[in-house]
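Biologist: I have a model here and want the labels on it explained. Please set each value against its definition.

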Amino acid sequence: MKILLFGGSGWLGHNIALNLTSKGLDLTIVIRGKKKTFLNEIADLKIITADKEDEAAMRQIFDTRYTHVIDTVPTEKSISLISKYAKHLRHYLHCSSTGGYTPLPFVPCNETAHYKGFAPGTGWDQKRIVDNLVMQLCREQGFPATVIRPCYITGPGVLPLDNLGGRRTDFIADIIAGRPLDLPNDGRALLQPIHVRDLANSFYLSLVHPGSIGQIYNICLSHALSLNDYLELTASVFNKKPVINYMTVDDMLEKYGENINPIGLRFLAEHMCFSIDKAKRDLEYNPSCTPEEAVIETAIWAAEKTNCKF
């Protein structure tokens with residue numbers, strides 16, 4: 001197994017890289033050299049600096065007989081070039097998102113649901129496009145693809161989801177200070193996390209279970225929390241109780257205007273709740289922590305990262 005990882009210097013990518021190398025696997029990382037945040041963590045690994053949408057670079061890269069390819073941020077162009085030049089490819093995996101199922105037709109949602117892309121022109125819609133492309137290549141040309149769809153990714157390294165559907169730096173500070181937090185509707189929308197380390201491990205599990213080729217997997221922790229419970233739990237880390245102010249989505253959009261992403265807020269107001277039965281059955285996937293543990297760990301990390309006193 002000779003593995004090539006695109007996007008290995010990102011948050012998810014470097015966690016995948018550390019997971020695979022800890023298991024003694026032969027891994028090479030491809031990066032553009034633009035993201036610096038996690039470069040120290042992968043400094044000792046084999047790295048190629050190249051653009052995966054540069055055809056000449058991809059042709060040269062695949063002169064080496066890579067058998068397994070992982071792409072954390074796939075594009076139509078990169079998929080096309082991998083399909084064209086990876087002549088020894090035995091397995092291709094890329095990262096998608098459960099967001100494209102939204103609004104969910106049933107709860108908990110599973111991989112049989114229609115994947116709509118949520119909103120035209122968004123990142124979720126782009127996931128729909130690339131997922132459809134690799135599955136079509138798989139059916140028509142035997143391209144050995146697996147698609148991993150995570151839910152809300154959390155864990156040390158990136159700030160937690162906030163009450164406005166983003167990851168703002170003052171979210172934890174607001175909780176600690178007891179400032180009122182606006183929340184869409186009644187706060188009962190469901191949120192299901194996935195710890196970044198468990199997500200990274202799901203790529204390893206897919207690699208060692210070749211029966212995953214041609215399949216799509218939702219990867220989450222065991223269960224969902226309501227937004228109310230999520231805020232309660234996050235605040236409890238700092239011995240606080242959140243002060244929640246419920247508003248309609250439209251009222252929140254009017255209040256915050258250009259200061260928030262309207263798509264992110266509308267998405268936050270929808271249920272995120274998924275079955276992981278297929279991944280448990282096919283990949284022997286077993287989350288290493290509970291959603292509650294992941295939320296608590298991330299809140300503590302974020303408080304330290306943003307220099308919040310508690």
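Biologist: Which residues have the most contacts inside the largest nonpolar core?

Modeller: They are Phe 62, Ile 70, Ile 82, Tyr 92, Ile 172, Phe 203 and Tyr 285, in a core of 104 residues. The largest share, seven residues, comes from helix 6 (residues 196-207). A nonpolar core is a set of buried Ala, Val, Leu, Ile, Met, Phe, Trp, Tyr and Cys residues joined through side-chain atoms within 4.5 Å. Helices (H or I, at least four residues) and strands (E, at least two) are DSSP runs, numbered from the N terminus.

Biologist: What should I know about the source?

Modeller: This is a predicted model: local features need pLDDT of at least 70, side-chain atom pairs count only at pLDDT 80 or more, and totals for chains, interfaces and linings use all residues. Residues are numbered from 1 along each chain as its sequence is written, and side-chain values use heavy atoms, with hydrogens and water left out.

Biologist: Why is Phe 6 called buried?

Modeller: Buried means under 20% relative accessible area, exposed over 50%, and partly exposed in between (1.4 Å probe, protein chains only). Phe 6 has 1% relative accessibility, so it counts as buried. Phe 6 is found in strand 1 (residues 2-6).

Biologist: Which residues is Phe 6 in contact with, leaving aside neighbours within four places in sequence?

Modeller: Contact means heavy atoms within 4.5 Å. For Phe 6 the list includes Val 30, Lys 52, Phe 62, Ile 70, Asp 71 and Ile 82.

Biologist: Lys 52 and Asp 71 are on that list. What makes Asp 71 and Lys 52 a salt bridge?

Modeller: A salt bridge is a side-chain nitrogen of Lys or Arg within 4 Å of a carboxyl oxygen of Asp or Glu. In this pair the closest N and O atoms are 2.8 Å apart, so the definition is met. The pair links distant parts of the chain, 19 residues apart: Asp 71 is in strand 4 (residues 68-71), and Lys 52 is in the loop between strand 3 (46-49) and helix 2 (55-61).

Biologist: Are these two buried or exposed?

Modeller: Asp 71 is buried, with a relative accessible area of 0%. Lys 52 is at 15%, so it is buried too.

Biologist: How do you know that Asp 26 and Lys 2 form a salt bridge?

Modeller: Their closest N and O atoms are 3.1 Å apart, and the limit is 4 Å, so the pair qualifies. Asp 26 in strand 2 (residues 26-31) and Lys 2 in strand 1 are 24 residues apart. Asp 26 has 28% relative accessibility and is partly exposed. Lys 2 has 25% and is partly exposed.

Biologist: What joins Asp 162, Arg 168, Asp 170, Asp 174 and Arg 179 into one network?

Modeller: Start with one pair. Arg 179 and Asp 174 meet in a salt bridge at 2.7 Å, N to O. Salt bridges that share partners join the five residues into one network. Arg 179 counts as partly exposed at 43%, whereas Asp 174 counts as buried at 12%. The structure holds 16 salt bridges.

Biologist: Why is strand 8 called largely enclosed?

Modeller: Four of the five residues of strand 8 (residues 180-184) are buried, so the rest of the structure largely encloses it.

Biologist: What makes strand 8 and strand 13 a pair?

Modeller: Two strands pair if DSSP finds at least two bridges between them. Strand 8 and strand 13 (residues 243-247) have five, in the parallel sense, so they pair. The bridge partner of Pro 184 in strand 13 is Met 247.

Biologist: Why is helix 7 called mostly covered?

Modeller: Helix 7 (residues 227-236) has seven buried residues out of ten. Among them are Leu 227, Tyr 230 and Leu 233.

Biologist: Why is Asn 239 called exposed?

Modeller: Its relative accessible area is 74%, so Asn 239 is over the 50% limit. Asn 239 lies in the loop between helix 7 and strand 13. Its phi is near 55 degrees, a positive value in a residue other than glycine.

Biologist: Where are the cis peptide bonds of Pro 103 and Pro 108?

Modeller: One joins Thr 102 and Pro 103, with omega about -5 degrees. Another runs from Val 107 to Pro 108, with omega near -5 degrees. Pro 103 lies in the loop between strand 5 (91-95) and helix 4 (123-141). Pro 108 is in the loop between strand 5 and helix 4.
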